[in-house]
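I sat down with this one to look up a few side-chain contacts. Here are my notes, in the order I made them.

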Amino acid sequence: MAVLSYRFETLDAIRGIAAMMVISRHTELFGTAGAESHSYLAVDLFFMLSGFVIAHAYERHLRSGALTPLRFVAIRLVRLYPMFLLAVCLATFVALTRPEFEPNVLSKWTSPHSSALEILGSAALTLFFLPSRLGDSVLLFPLNTAFWSLMFEVVVNILYACVYGKLTLKVLWGVVIATGLCLGVVALRRNGLEMGWSWSISSLVYGSIRATFGFMAGVLLLRLFSARGPINSNVRAVLMLGLVAIPLALPDSGRLNGLIDAIAVLAFFPFAIAIGAPLHAHGALLRYFMWLGAASYPVYVLHVPSLILFERYVHQSGIGARPPLALFLPAFFLLALVVTATWLDRHYDQRVRKWIIDRFDLRPNAALRTADTRSATQIQAELSAYDRVLAAQAEQSAPPADTLTPDQNSRPAPSAKTS
């Protein structure tokens with residue numbers, strides 16, 4: 001039986017909802033509720049979803065030799081870079097055109113007296129996913145605070161490409177347990193996991209642990225999957241989205257923040273991915289889920305500079321001082337950002353990525369045409385053998401109830417359950 005043959009629409013939608021929660025955190029147009037919630041945990045969810053989906057899409061090709069580590073890293077950079085480049089350019093423009101005083105996200109941490117040369121120098125480092133210092137900012141990426149998680153994403157992807165051959169099931173369990181214990185201790189001692197985005201040794205260490213645990217936990221969840229059919233259920237899929245949003249939307253809980261973060265990251269998110277992965281929507285809900293998934297990445301990388309430009313316009317035009325109009329500003333900004341992000345994904349990001357992949361022949365199966373030491377038939381045989389290994393691991397560890405089948409590129413089988 002083939003393993004890894006279905007698409008994760010519900011996980012795509014979960015990623016989209018998490019991205020919306022991050023927006024609520026970084027804007028004061030939504031009041032203080034977002035800033036005081038646990039929405040920063042969306043980053044841990046991103047790391048976990050990334051590990052799950054990347055292991056599904058590429059691990060079998062890496063293990064068979066059809067995909068080299070260098071080619072894998074190139075594919076991942078192509079996936080991230082076009083929209084990242086656009087976000088860097090937009091953030092640089094925003095910083096260069098900033099008025100002397102501007103009540104926005106950037107002004108909270110960045111000196112208003114940064115010169116154009118300093119801003120361009122920061123942008124140059126950012127283009128290589130490298131942090132920089134700008135004025136008295138404490139941010140790793142002062143032009144766009146959201147970039148810190150992308151830096152750790154690239155680092156953990158490179159790490160995965162270097163060590164995937166040694167990531168047996170036992171090793172994965174060991175890594176996940178060790179980093180999970182570290183996160184739990186840190187969360188309880190520091191009363192939360194909002195760390196990794198600022199300039200300090202401890203922040204860099206904790207950010208690395210967050211990324212490593214999340215990504216490797218996602219890989220482990222993929223390994224533990226069964227090879228049976230998905231579950232078609234709009235009701236369950238919507239309920240899963242609501243459940244995932246709960247820990248992200250919880251308000252500040254004082255001394256309980258650390259405990260809430262530890263439970264959410266170490267238990268709730270892995271549970272949500274394991275239960276949500278086989279859930280497939282259908283009809284109009286399917287299109288909505290796919291829309292959320294497509295918009296999630298551009299929304300995440302573009303929302304900070306877009307927010308600053310929006311707040312700049314609202315402040316200069318005086319719209320924010322008109323109570324009837326001000327009430328609709330949050331919804332208008334969110335809708336405009338999501339629509340724009342969706343358009344950019346379709347007409348810019350996908351086209352640029354396709355051109356680069358075709359131009360440099362970066363598809364995972366490209367090695368099947370050029371392998372010089374083994375035939376394509378041999379590599380395909382190894383892929384099938386690895387599928388059988390995953391299936392055996394899944395059957396040994398999966399619960400006897402409805403089991404799960406990962407997917408990314410095809411539709412559910414006709415025999416799937418429906419509710």
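**Notes on side-chain contacts**

I began with serine 306, which counts as buried because its relative accessibility is 18%, under the 20% cut-off. I should say at once that this is a predicted model. I placed serine 306 in helix α11, residues 284–317. I then looked for a partner of its side chain, and found that serine 306 reaches the backbone oxygen of leucine 302 at 2.7 Å.

Next I turned to the aromatic rings. I noted 16 aromatic pairs in the structure. I picked out tyrosine 81 and phenylalanine 129: their ring centres are 5.9 Å apart and their planes stand at 70 degrees, so I filed the pair as edge-to-face. Which parts of the chain does this pair tie together? I found tyrosine 81 in helix α3 (residues 69–96) and phenylalanine 129 in the loop between α5 (116–126) and α6 (147–163), so the parts tied together are 48 residues apart in sequence. Tyrosine 81 is partly exposed at 27% relative accessible area, whereas phenylalanine 129 is buried at 8%. Both rings belong to one aromatic cluster, made up of Tyr81, Phe84, Phe129, Phe141 and Phe147.

I also checked a ring with a charge over it. The charged end of arginine 359 sits over the ring of phenylalanine 360, 5.3 Å from the ring centre.

Then came the salt bridges, and I have eight on my list. Arginine 15 and aspartate 12 meet in one of them, at 3.2 Å from N to O. These two are three residues apart in helix α1 (residues 9–26), so about one helical turn separates them. Arginine 15 is buried at 18% relative accessible area, and aspartate 12 is buried at 14%.

Another salt bridge joins arginine 76 and glutamate 153, at 3.4 Å from N to O. This pair links distant parts of the chain, with arginine 76 in helix α3, glutamate 153 in helix α6, and their positions 77 residues apart. Are these two buried or exposed? I read arginine 76 as buried at 11% and glutamate 153 as buried at 8%.

Lysine 354 and aspartate 358 also meet in a salt bridge, at 2.8 Å from N to O. They are four residues apart in helix α13 (residues 329–360), so about one helical turn lies between them. Lysine 354 is partly exposed at 48%, and aspartate 358 is partly exposed at 39%. I closed this part with a network: salt bridges that share partners join Glu59, Arg63 and Arg223.

My last stop was the surface. Leu188, Leu256, Leu259 and Ile263 form a nonpolar patch there, with about 390 Å² of accessible area together. Leucine 188 is in helix α7, residues 169–190, and counts as exposed at 54% relative accessibility.

Technical notes. Residues numbered from 1 in each chain as written. Predicted model: local features only at pLDDT ≥ 70, side-chain atom pairs only at ≥ 80, totals over all residues. Heavy atoms only, no water. Patch = residues over 30% accessible without salt bridge, like charges linked within 9 Å, V, L, I, M, F, W, Y side chains within 5 Å. Areas by Shrake-Rupley, 256 points an atom, 1.4 Å probe, with all protein chains shown as cover. Salt bridge = Lys/Arg side-chain N within 4 Å of Asp/Glu carboxyl O. Buried < 20%, exposed > 50% of the residue type's maximum accessible area, 1.4 Å probe, protein only. Phe/Tyr/Trp six-rings, centres within 6.5 Å; stacked < 30°, edge-to-face > 60°. Lys NZ or Arg CZ within 6 Å of the ring centre and 35° of its normal. Polar contact = N/O pair within 3.5 Å; in protein donor to acceptor, adjacent residues only side chain to side chain.
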